[in-house]
Amino acid sequence: MVNSCKVGKLHNLQQELVRKVTLLLYEVWSKVRLLQSSTDCTNWKDQLQSRPYEISEAIFRLTMDLDCPAHLEPDEVRKSFFGQTESDVEKFALMYWENSPYSYRKRQSDLEGDDVFTALHNAFDLRTPDAIVESFIRGLVSCPAIASDELNIDSFLDEVHDSLGAPVKYRQDVRVVRTRDQTSTGSGVEEHFFDDGMVFPDGTAFVEQCKDAIKNGFSIALRGMEFRSEKVAAIASALADLFGQPSVGANIYFSPPGSQGLARHYDDHCVLVWQLLGRKKWKMWPNTKSILPRLYEPFHSLDGLVDDSGGRVEVLHEGDIMYVPRGHVHEAHTDVDEGESEVNVSTNYSLHLTLAIEVEPPFEWEGFVHIALHCWLEEQELVRSPGSVQSKLEEQAPLFALLLHVAIRLLSDNDPTLRKACMVAAKLPSSETSHPSSLQNSQRSTFAEILNRIGRSNNLKEALRLIELAVKERNEEPFQWMSWLRHLPQQQHDGCRRIDFCDVLGPLEELLDMFSSDRERASADFADFKSRFCSRAVYDDACREFEALLVLYRTARTRYAKGMLALHGKHGG
């Protein structure tokens, strides 16, 4: 019955009742999972009236709207990561964010008064290496990816209905890896303990294998900690609020002494590293490219990107925090100092948490400008008199807007600012005051600068060539990036044209026909349309729509996180 309901129908259930039922369901599901790995219980399995995945789906559905008792305010996390002074985080945002590494050293007295660190530290059993492995590896289930722009949790559940709560999968959920031999570029080669795509239905055996891997110099990297630990989930959620992003990903890394886990690499997202136990030596190189890597785009070779003799070295000790911007090449070692006693060497394990601030397409500056264009176009429809006949230019406006979306995308391929995170929804301390902060003024100025660049740009021919090729080949792939625009509201009244951003070949074909019939006139009309947008777009309107879209994304991500936490035995009770 629960699984046949649309998600919205489950809102009316009493939370206390849901918690009680979920605990019982989880107990049943746990026993069924044990039966699955047993060869002696075939008859019992045949008598089950529900498949295990049906039980896990019911648990997920029931818990994704429960209140979260481990909730943290952005200000609490701000103090842990950036210090007690309110201006410190704004200074970080203006000076270091997406620009250069940053480290925050903590004294023992700082750690003793840090409730966030203490709660996180206590979430793991740190007595022995084996106990550490057990504390974060036991009882895991797989966390399947949810599409970046999927806001309908029903659609996600339809996709995974026969695999939700499955055993962890290698690489998707966990990596057990070491890097040893140096290549000609100095980066080293990764060696993996398990084969790609391997699954681990026997959880106890998997834990023992991971313990053996640690003893043999391998590091364990577990993804999706925000779906497996309430404490980590609360920190990730508050950090996402602080930076005005939909979600923050969290991974845990456990490494033995004298080892390197992942090979030298760069990320397509910014990372905050929090050292929980032991120490780790990091080496970082500046981003030599003028533009930041986009989320989900292919990675480039490191050849020629770093000078092996250079780089910045940071050694993190317990409680220390370090920021690595996206695009900055880095590697980490649990190196042991020469002359260190054998007793200390044997205890020099490292445990650290990484918090990935992934700037998704709608929440880059490019995304903000797409939203601003959409808002401005919608405003033009609103000011037109009801029932009035559209002029030719008004009829063409949605097609010109589509063309301008493409032109803005092309501009962002080489414009550093458009790739950066838009921070207009960041919940910094200064955002609560009536006086604009330096960061808020900076955001407004950035928007004005971008509009000036769009106004000066002249990539119409390039945009039309891209459209012509896609229409000729009936290939929508070059325009899949704009599918998230479907989540923005569009006018519904008669005579108002709606664009389906998941199926744009038809409108693009009309656009080409317009330019084919009178290219000079169409080019002049488009130039006028672009000029009017650049001079009349309203920053505050775009901010409101940006924040409304952020709420939709955050709601979908939060629901997913709560459902996955419940499948790890964290029911919000």
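**View 1. Glu-98 lies in the loop between α5 (86-95) and β1.** This is a predicted model. Glu-98 is not a glycine, yet its phi is positive, at about 55°. Most residues other than glycine have a negative phi. Is Glu-98 buried or exposed? With a relative accessibility of 6%, Glu-98 counts as buried, because buried means under 20%.

**View 2. A second positive phi is found at Tyr-296.** Tyr-296 belongs to the loop between β7 and β8. Its phi is near 75°. Tyr-296, too, is a residue other than glycine.

**View 3. Eight strands build an open sheet.** What is the order of the strands? Across the sheet it reads β1-β9-β6-β11-β5-β4-β2-β3. The pairing is antiparallel. Strands of a sheet pair through backbone hydrogen bonds. Which strands stand at the edges? They are β1 (102-104) and β3. Each edge strand has a single partner strand, so one side of each is left without a neighbour in the sheet. On average, neighbouring strands are turned by 25° against each other, direction ignored.

**View 4. At one edge of the eight-stranded sheet, β1 meets β9.** Strand β9 covers residues 321-324. Three bridges link β1 and β9 in the antiparallel sense. One pair to find is Ser-103 and its bridge partner in β9, Met-322.

**View 5. Helix α8 (residues 129-137) packs on the eight-stranded sheet.** Which strands does α8 touch? The helix touches β4, β5 (249-255), β6 (270-277) and β11 (350-357). The direction of α8 makes about 160° with that of β5.

**View 6. Strand β2 (residues 174-179) is mostly covered.** How many of its residues are buried? The count is six of six. Val-174, Val-176 and Arg-178 point one way from the strand. Arg-175, Val-177 and Thr-179 point the other way. Both sets are buried, and two arginines, Arg-175 and Arg-178, are among them.

**View 7. Strand β2 pairs with β4 and with β3.** Four bridges join β2 to β4 (residues 219-222). These two strands run antiparallel. Arg-175 has Ala-221 as its bridge partner in β4. Three bridges join β2 to β3 (residues 190-192), again antiparallel. Here Val-177 is partnered by His-192 in β3.

**View 8. Three strands form another open sheet, in the order β8-β7-β10.** Pairing is antiparallel. Why do β8 and β10 each have a side without a neighbour? Strands β8 (312-316) and β10 (330-333) stand at the edges with a single partner strand each, so one side of each is left without a neighbour in the sheet. Neighbouring strands here are turned by 20° against each other on average, direction ignored.

**View 9. Strand β7 (residues 280-284) pairs with both β8 and β10.** Five bridges connect β7 to β8, and the two run antiparallel. Look for Lys-281, which stands opposite Val-315 in β8. Four bridges pair β7 with β10, also in the antiparallel sense. On this side, Met-284 stands opposite His-330 in β10.

**View 10. The residues of β10 point two ways.** His-330 and Ala-332 point one way. Glu-331 and His-333 point the other way. Every one of these four is buried.

**View 11. Thr-446 sits in helix α16 (residues 438-456).** Its relative accessible area is 13%, so Thr-446 counts as buried. Which residues does Thr-446 touch, leaving out those up to four places away in sequence? They are Trp-365 and Thr-417.

**View 12. The largest cavity has a volume of about 130 Å³.** The model holds four cavities of 30 Å³ or more. How many residues line the largest one? The lining has 13 residues. Nearest the centre lie Leu-377, Glu-378, Pro-398, Gln-490 and Ile-499. Helices α13 (365-383) and α14 (392-412) are the elements that give two or more residues to this lining. By type, the lining divides into seven nonpolar, three polar and three charged residues.

**View 13. The whole chain has 20 helices and 11 strands.** Of its 573 residues, 52% count as buried. Take contacts between residues at least 6 apart in sequence. Among these, 85% join residues at least 24 apart.

Technical notes
Residues numbered from 1 in each chain as written. Predicted model: local features only at pLDDT ≥ 70, side-chain atom pairs only at ≥ 80, totals over all residues. Heavy atoms only, no water. Pairing = 2+ DSSP bridges. Axes fitted to C-alpha atoms, helices over the stretch in contact; angles between N-to-C directions. 1 Å grid on protein atoms, 1.4 Å probe; cavity = no way out; pocket = protein on both sides within 12 Å on 5 of 7 lines; lining within 4 Å. Points joined across faces, edges and corners; volume = space filled by probe spheres on them. Nonpolar A, V, L, I, M, F, W, Y, C, P; charged D, E, K, R; others polar. Buried < 20%, exposed > 50% of the residue type's maximum accessible area, 1.4 Å probe, protein only. Contact = heavy atoms within 4.5 Å.
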